[in-house]
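Student: I should like to learn how to read a protein model feature by feature. May we work through one together?

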Amino acid sequence: MHLRVTFVAAARCSSLLAERFEDDRPLDQAGWDEVQRAAHELVPLAAAELRYCSPTPRSRATGDALGYAPLAQPALRDCDMGRWRGFTLGEAMAREPSAVDAWLADPHATPHGGESLVGFISRIGGWLETRPAGAGGRVVAVAEPSVLRAALVYALKAPPSSYWNMDIRPLSTVTVAGHAGRWNLRLGAAQ
């Protein structure tokens, strides 16, 4: 059966320049304001037969505020950043510049002791591949922007390095349509 999976990037919990690896802070006021401004476009996605979110507070709050009542999915969590968890990219670079350079250059590298970019993309792809095909066809999932980038790389069978070339803003949507093993990017209205 053909599925349509719409990913919604969680609202912000800090300024974009202060984003932290595996950030588990709740939405800040700017995030709540963003949700209110975008609600008219995103609320219709609540009609999806299956509604999920990553286990972070900001993803759950975003989904709840939009009326999705999403089920948390551990597989949709952000990339495991090991000892860099909670750091900004600048903080990690200040502490371990050569390790950050290695991580950015090699998608198999795990200098932080966590998950490689390839492993992260594969985990998100595995979640996508195991969505129930008989559930009616529409799925919505609220997650961190990094999860949306990983889903796109996986669905399009793009090289892992293309992950770094995607700019996913809070509350933006990405839809992939198809079935296990064959996904297409769907542009246009999220509904």
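The dialogue below treats the sheet, the helices, the cores and some single residues in turn.

Student: What should I know about the model before I begin?

Tutor: This is a predicted model, in which local features need pLDDT of at least 70 and side-chain atom pairs count only at pLDDT 80 or more, whereas totals for chains, interfaces and linings use all residues. Residues are numbered from 1 along each chain as its sequence is written, and side-chain values use heavy atoms, with hydrogens and water left out.

Student: In what order do the strands of the sheet lie?

Tutor: Strands of a sheet pair through backbone hydrogen bonds, either parallel or antiparallel. Helices (H or I, at least four residues) and strands (E, at least two) are DSSP runs, numbered from the N terminus, and two strands pair if DSSP finds at least two bridges between them. Here 6 strands form an open sheet with mixed pairing, in the order β3-β2-β4-β1-β5-β6. The edge strands, each pairing on one side only, are β3 and β6 (182-186).

Student: Which strands run parallel to β4, and over how many bridges?

Tutor: β1 runs parallel to β4, joined by 6 bridges, and T6 stands opposite V140 in β4. β2 and β4 also pair in the parallel sense, over 4 bridges, with L50 as the bridge partner of V139 in β4. β4 is mostly covered, since 5 of its 6 residues are buried; buried means under 20% relative accessible area, exposed over 50%, and partly exposed in between (1.4 Å probe, protein chains only).

Student: How do β5 and β6 run, and which residues face one another there?

Tutor: β5 and β6 run antiparallel and are joined by 5 bridges. G178 has W183 in β6 as its bridge partner, while T175 stands opposite R186 in β6. The hairpin of these strands has 2 residues between them, and G181 takes a positive phi near 90 degrees in that hairpin.

Student: How should I describe a helix that lies on a sheet?

Tutor: One states which strands the helix touches and at what angle it runs. Contact means heavy atoms within 4.5 Å; axes are lines fitted to C-alpha atoms, for helices over the stretch in contact, and angles run from 0 to 180 degrees between N-to-C directions. α2 lies across β2 (50-53), β3 and β4 (138-143), and runs at about 135 degrees to β4. α6 packs on the sheet, touching β1 (3-9), β4, β5 and β6, with a direction at about 150 degrees to that of β1.

Student: Where do α5 and α6 meet, and at what angle do they cross?

Tutor: The axes of α5 (residues 117-129) and α6 come within 8 Å and cross at roughly 75 degrees. Angles under 35 degrees count as roughly parallel, over 145 as roughly antiparallel, 65 to 115 as roughly perpendicular and the rest as oblique. α5 and α6 are therefore roughly perpendicular to each other. Residues of α5 including F120, I124 and L128 meet residues of α6, among them V147, A150 and Y154. By class, this contact has 10 nonpolar, 2 polar and 1 charged residues; Ala, Val, Leu, Ile, Met, Phe, Trp, Tyr, Cys and Pro count as nonpolar, Asp, Glu, Lys and Arg as charged, and the others, Gly among them, as polar.

Student: Which residues touch the most other members of the largest nonpolar core?

Tutor: A nonpolar core is a set of buried Ala, Val, Leu, Ile, Met, Phe, Trp, Tyr and Cys residues joined through side-chain atoms within 4.5 Å. The largest such core has 37 residues, of which F7, W84 and W127 touch the most other members. α6 gives the most to this core, with 7 residues. A second, separate core of 17 residues includes L27, A48, C53 and L171.

Student: Is L171 buried or exposed, and what is its phi?

Tutor: L171 counts as buried because its relative accessibility is 10%. L171 lies in the loop between α6 (145-156) and β5 (173-179), and has a positive phi of about 70 degrees although it is not a glycine. A69, also not a glycine, has a positive phi near 45 degrees. A69 is found in the loop between α2 (57-65) and β3 (71-72), and it counts as exposed because its relative accessibility is 58%.

Student: Which residues does P57 touch?

Tutor: P57, in helix α2, touches D24, R25 and P26, not counting residues up to four places away in sequence. P57 and D24 are 33 residues apart in sequence and 6.1 Å apart in space, C-alpha to C-alpha.
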